[in-house]
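Please open the model in your viewer and keep the sequence beside it, so that each selection can be followed in both places.

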Amino acid sequence: ARELIHGYYACVSFVDAQIGRVLDELDRLGLAEDTLVIVWGDHGWHLGDHGLWCKHTNFESATRVAMIVRVPGARTAGKSCSALTEFVDIYPSLCELAGLSIPDHVEGTSFAPLVDNPQQAWKQATFSQYPRGSAMGYSMRTDRYRYTEWIRPGGAVEAIELYDHQADPQENRNLAVLSDYTDLVQRLGKQLHQGW
């Protein structure tokens, strides 16, 4: 496990260095002030958490990825943003940031306004899905909770998971099985279905 984690961290360090080289080359060529840069990963990766060594789950470790946006002339350069975004938001964001019209058929929401104001209110939730056995897991992440329903073919709910990221950021305690959370489970379930 230690060797695998070491290798993963080494990979991240190597990629970080390569991104630096690309940015340096944009500067050297005089293109930095005319080039938008977005760096993101395809999935997160479990490094033994939940007994998993993969990226194929609905847990936070597999669905959350880093996204770094470099916009020439941005007055908020170097600031972080905790707003919820999704991969489908990248294309409309690039269009808007480049001054291009966003095609009508494009899904997602441009996060360009976050470049100017990273702390503004934004999406209430993001969505992901991944199967487990014959059930499909539909997952929703809000600013505080991850809520997942496991649905069998035909629509029967097999299981529900609810994690509170303020109290349990590693998602180790499923609150959905506790009666104190029945109202929250119902509210989040309704929000999940409206979002899909």
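Select C81 to begin, bearing in mind that this is a predicted model: C81 counts as partly exposed, because its relative accessibility is 35%, which falls between the limits of under 20% for buried and over 50% for exposed.

Now select C54, and ask whether this cysteine is buried or exposed. With a relative accessible area of 17%, C54 is buried, since buried means under 20%. Show its sulfur together with that of C11, which holds the closest cysteine sulfur; the two are 17 Å apart, and that is too far for a bond, because a disulfide requires sulfur atoms within 2.5 Å. C81 is likewise in no disulfide, as the nearest cysteine sulfur, belonging to C95, lies 20 Å away. The structure as a whole holds 0 disulfides.

Next, go to A1, which lies in the segment before helix 1 (2-28). A1 is exposed, with a relative accessible area of 62%. Add G48 to the selection: although A1 and G48 are 47 residues apart along the chain, their C-alpha atoms are separated by 7.4 Å.

Finally, select residues 126-132, which form strand 3, and residues 135-141, which form strand 4. How many bridges join strand 3 to strand 4? There are 7 of them, and the two strands run antiparallel. Within this pairing, T126 stands opposite R141 in strand 4. Between the strands the hairpin has 2 residues, and here you can select G133, which takes a positive phi near 65°.

Methods: Residues are numbered from 1 along each chain as its sequence is written. This is a predicted model: local features need pLDDT of at least 70, side-chain atom pairs count only at pLDDT 80 or more; totals for chains, interfaces and linings use all residues. Side-chain values use heavy atoms; hydrogens and water are left out. Two strands pair if DSSP finds at least two bridges between them. Helices (H or I, at least four residues) and strands (E, at least two) are DSSP runs, numbered from the N terminus. Buried means under 20% relative accessible area, exposed over 50%, partly exposed in between (1.4 Å probe, protein chains only).
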